[in-house]
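I opened my notebook on this one with a simple plan: look at the domains, then at the ligand. Here is the chain I was looking at.

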Amino acid sequence: MKIRSLVMLACTVFSVHASLADDKITQSDYQRPEAVPAPESNPLTEEKTALGKTLFFDPRLSRDKSMSCATCHSPDQRWSDGRVVPLGSEELSQPRRTPTVMNSAWLKALMWDGRAKSLEAQAVLPITTPHEMNYNMKELVQRLGEIKGYEPLFESAYGDAEINTQRIAMALATFQRTLVSNTSSFDLWVNGDEHAISSSAQRGFQIFNNEAQCAACHKSWRFTDDSFHDIGLDSPDLGRGKVIPVEVTIMQHAFKTPTLRDLPENGPFMHDGSMSDLEEVIKHYEDGGIQRESLSKEMKPFELTEQQRTDLIAFLKTLDGGSLDIDPPVLPME
Ligand code: HEC
Ligand code: HEC
């Protein structure tokens, strides 16, 4: 394959963005969408959501029945786990922090390195990964078939009680699509309520889009370009560089731009959980990160005053819509 096509391959989830200088970013660039998207092959239904929610919280999806999806994507941890490295990953040489699954309906590439293409495709990975749920789909299908209480759930979701890998994955994907950020004070401001956020946060919004150029990568209502960048962190993990041919320099050390909505108060932040407060994050961007060939062109050092840093943090905090009220499901009986 030629380099040119490799670069195109690496860039399939790149979104083209206009230069910030000639195209001023305004509040309306951050308007929330009205509906939750779902693929035609797996439309959102209440019945599938109910089944998916039950599966998501059921530890019987793991071999030793100790771990559910919600163990690591927990409602009270903003659908992540609050840990620097996930449970069970102590043996791994380069474990990655658990991302949130909120707003995952809009994800164009999944995992820190984009190796999964859809929520449906992703759902099987944690079930079968050894340091996660460590199971296999064949035995899982059999185990769920022996749990009487699952029969009516599969039946109402799909019309009959057959259990198979695809149905499990489609239900998990559907439930996750319903996990959408609550309206934040920033959203109210975008919709015209001038007093919804403080004047410090309003100044922070300008800094985010202008002086600090955060919006070069954190754009749209989810504050991500769904693309991958090396932001110059001191981590040996090659990220997308491991799934894309090595000739594509800009993908070495590149990770997916995470959303900035609903950030946990004290991190951990970044793919390696290496930062724990927003001031530290901002100072990293001011310094510009480790200079290396793969470093993103959008990483340009700059300097903020103490007041500007405070304003930027005040703005980031307005993106918090609070936790989602979800009643954990009643797990079906054997
Ligand atoms: C042991 C902890 C753990 C468990 C259990 C777990 N996950 Fe995850 N999840 C992770 C980690 C860590 C990542 C990121 C991995 C990576 O990028 O290499 C992740 C990534 C994801 C993503 C991609 C999010 C994004 O922004 O790209 C989705 C969706 C997801 N998990 C759903 C699930 C579902 C569904 C289950 C249950 C079937 C599950 N997870 C079980 C830790 C866990
Ligand atoms: C070059 C693109 C780019 C620019 C510019 C950029 N970011 Fe990021 N941001 C990323 C990527 C990629 C990550 C994840 C990096 C990793 O973990 O290796 C990230 C991570 C973060 C995180 C951690 C989120 C989490 O869930 O772990 C925060 C907070 C953040 N950025 C805020 C900002 C702010 C504030 C600015 C402006 C000062 C900014 N970013 C500028 C691409 C960018």
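My entries below go through the domains, their interface and the ligand shell.

**Entry 1: the domains.** I noted at the start that this is a predicted model. I looked up how the chain is divided, and the assignment gives domain 1 as 3-32 + 183-317 and domain 2 as 46-177. Domain 1 is thus written in two segments, with the range of domain 2 falling between them in the numbering. Taken over C-alpha atoms, the centres of domain 1 and domain 2 are 28 Å apart.

**Entry 2: where the domains meet.** How many residues of domain 1 are in contact with domain 2? I found 24 residues of domain 1 touching 21 residues of domain 2. I then looked up the area buried between the two domains, which is about 2,000 Å². Carbon and sulfur atoms give 55% of that area. Which three residues supply more than any others of the area that domain 1 buries against domain 2? They are Lys256, Asp262 and Pro268, and together they supply 26% of it.

**Entry 3: polar links across the interface.** I checked the interface of domain 1 and domain 2 for salt bridges, and there are two. My search for polar contacts across the interface turned up 10 residue pairs, both partners being at pLDDT 80 or more. I also sorted by class the side of domain 1 that touches domain 2: 11 residues are nonpolar, four polar and nine charged. One salt bridge I wrote down by name joins the side chains of aspartate 226 and lysine 108, with N to O at 3.4 Å.

**Entry 4: the shell around ligand 1.** I listed the surroundings of ligand 1 and got 27 residues. The closest are Cys69, Cys72, His73, Met111 and Lys256. I had met Lys256 before, among the three residues picked out for the area that domain 1 buries against domain 2. By class, the shell has 17 nonpolar, five polar and five charged residues. Which helix gives the largest share of the shell? It is α4, with five residues. Both α3 (69-72) and α4 (119-128) supply at least two residues each.

**Entry 5: polar atoms facing ligand 1.** I finished with three distances. Methionine 111 has a backbone N or O atom 2.6 Å from an oxygen atom of ligand 1. For arginine 115, an N or O atom in the side chain is 3.0 Å from an oxygen atom of the ligand. Glutamine 122 places a polar side-chain atom 3.2 Å from a nitrogen atom of ligand 1.

Key
Residues are numbered from 1 along each chain as its sequence is written. Chains are lettered from A and ligands numbered from 1 in the order in which they are written. This is a predicted model: local features need pLDDT of at least 70, side-chain atom pairs count only at pLDDT 80 or more; totals for chains, interfaces and linings use all residues. Side-chain values use heavy atoms; hydrogens and water are left out. Domain bounds come from an automatic or database domain assignment. Contact means heavy atoms within 4.5 Å. Buried area is the accessible area (1.4 Å probe) that two parts lose on being put together, summed over both. A salt bridge is a side-chain nitrogen of Lys or Arg within 4 Å of a carboxyl oxygen of Asp or Glu. A polar contact is a pair of N or O atoms within 3.5 Å; within protein, one must be able to donate a hydrogen and the other to accept it, and residues adjacent in sequence count only if both atoms are side-chain atoms. Ala, Val, Leu, Ile, Met, Phe, Trp, Tyr, Cys and Pro count as nonpolar, Asp, Glu, Lys and Arg as charged, and the others, Gly among them, as polar. A residue is near a molecule or strand if one of its heavy atoms lies within 4 Å of it. Helices (H or I, at least four residues) and strands (E, at least two) are DSSP runs, numbered from the N terminus.
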